[in-house]
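Please look through the sequence and the structure below, and keep both in view while reading the explanation that comes after them.

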Amino acid sequence: MKKPLKTIVILTALLALGTTEIIAQSNVQTPTTQQQGAATMTLSQKQYSLAQIGAFTANGDIRNLNLAIDQALDNGLTVNEIQAAMVQLYAYAGFPRSLNALSALSERLKVRQAQGLKSEQGRAARLLPKNTDLLARGEQTQTELIGQAIDLSALSPDIDRYLKSHLFGDIFANDLLNWQEREIVTVAALSHMQGVENQLRAHIDIGKKNGITDEQIKEIVRLSKQEMSQFPAGEENTAYAKYFVGKSYLNMLSAEQMPIGNVTFEPGTRNNWHIHHATKGGGQILMVTAGRGYYQEWGKPAQELKAGDVVHISAGTKHWHGAAPTEWFQHLAIEVPGENTRNEWLEPVSDADYGKLK
């Protein structure tokens, strides 16, 4: 008998590896609630730090992870709690990301010690009783956490056993973080990864089952759209989504005299080849404000772009622009006035050509 769709979605959550469209479906745009005109955090300091650690570990953003580690330690998280979150993430973001995060933590602790800053080691996790049946314990934990028994043996008996005996029987049995905190870490990580829409959706449901509120979910997912410059990223660019590979955000800064839009690209996002047409004048100017990306004209090599770069695009030039494969990118798009101006959207940049970029 076929399992209901909801059950299949929950099953796929346990094989999580990527980012998501759930942001759009949940209408996530702001990280806070508004109270008497002031932004109010819905996550506690500990929860927010865990979300940051999950997010920056998952996408390999060591610079921001270092800042998050310092903030977490300053806010009272212990070294052992941070390690527990980073170890858990190997099951979602892979060993390389987890090991890089643990190495970053080790280096930050050395720096903090040299600076005389306090880093509380904290208590160790309670040991499981000897001869604990990890498979049975993991199956029980998995069932209680998700709300129903799960059997992935049809996909692979090995993955079903690994998940139950190790992820749920061992890692989730570590009592330094509770289930709600572990789901915060997981949702934050999946929000920063690509290709795991079903898994993220399922973990959001699991998190809510374990007490995470809708506002807290919005705040966690919001971490995947950090404001990169003094120009806010704005809303998801749904109106032009069909002309992009990946997700972008658009904030029209000016609609008068000269249209100026702040465009933010998630890692790997780029627009299709396109042409700005005009019988006189026209074209576009790009002013890069943050991140790293690329600009390419038809028949020419791609040009790497960083903050401070300016690109002048003449009318009639076939081109594309977007983020580097692993980094966010933001630029101001300035429409040059002209006569009979229009945009012609063309084919996407081929995966083979884009895949050559670093």
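The paragraphs that follow take up one strand and its partners, then a pocket, and finally the aromatic rings.

Before starting, keep in mind that this is a predicted model, and that residues are numbered from 1 along each chain as its sequence is written.

A good place to begin is strand β10, which covers residues 284-297. Of its 14 residues, 10 are buried, so this strand is largely enclosed by the rest of the structure. Here a residue is called buried when its relative accessible area is under 20%.

Which strands, then, are joined to β10? One of them is β12, residues 310-313, which runs antiparallel to β10 and is joined to it by four bridges; within this pairing, Gln-284 has Ile-313 of β12 as its bridge partner. Another is β14, likewise antiparallel, with seven bridges joining it to β10, and here Met-287 stands opposite Leu-332 in β14. Strand β11, residues 303-306, is also antiparallel to β10 and is connected by four bridges, with Leu-305 of β11 as the bridge partner of Gly-293. The strands β10 and β11 form a hairpin that has five residues between them, and in this hairpin Gly-299 takes a positive phi near 85°. Finally, five bridges join β10 to β13, residues 319-323, again in an antiparallel arrangement, and His-321 in β13 is the bridge partner of Tyr-295. When tracing these strands on the screen, it helps to remember that in a regular strand the side chains alternate between the two faces of the sheet.

From the strands we can turn to a pocket. The second largest pocket holds about 350 Å³ of space. Its lining is made up of 20 residues, and those lying nearest its centre are Tyr-240, Val-263, Gln-284, Ala-333 and Glu-335. The elements that give two or more residues to this lining are β5 (248-254), β6 (260-265), β8 (274-277), β14 (329-335) and β16 (342-345). Which of the elements provides the largest share of the lining? That is β6, with four residues. By kind, the lining of the second largest pocket divides into 10 nonpolar residues, nine polar ones and one charged one.

The aromatic rings complete the picture, and the count of aromatic pairs comes to 11. In one of them, the rings of Phe-168 and Phe-172 have their centres 5.2 Å apart and their planes at 45°, so this pair is tilted. Both Phe-168 and Phe-172 are buried. Another tilted pair is formed by Phe-265 and Phe-329, at 5.6 Å centre to centre and with 40° between the planes. Because Phe-265 lies in strand β6 and Phe-329 in strand β14, this pair ties together parts that are 64 residues apart in sequence. Phe-265 and Phe-329 are both buried as well, and they belong to one aromatic cluster together with Tyr-240, Tyr-243, Phe-244 and Trp-345.

Some rings also have a charge sitting over them. The charged end of Arg-270 sits over the ring of Tyr-354, at 3.9 Å from its centre, while the charged end of Lys-318 sits over the ring of Trp-273, at 5.8 Å from the centre of that ring.

Terms used
Predicted model: local features only at pLDDT ≥ 70, side-chain atom pairs only at ≥ 80, totals over all residues. Heavy atoms only, no water. 1 Å grid on protein atoms, 1.4 Å probe; cavity = no way out; pocket = protein on both sides within 12 Å on 5 of 7 lines; lining within 4 Å. Points joined across faces, edges and corners; volume = space filled by probe spheres on them. Nonpolar A, V, L, I, M, F, W, Y, C, P; charged D, E, K, R; others polar. Buried < 20%, exposed > 50% of the residue type's maximum accessible area, 1.4 Å probe, protein only. Pairing = 2+ DSSP bridges. Phe/Tyr/Trp six-rings, centres within 6.5 Å; stacked < 30°, edge-to-face > 60°. Lys NZ or Arg CZ within 6 Å of the ring centre and 35° of its normal.
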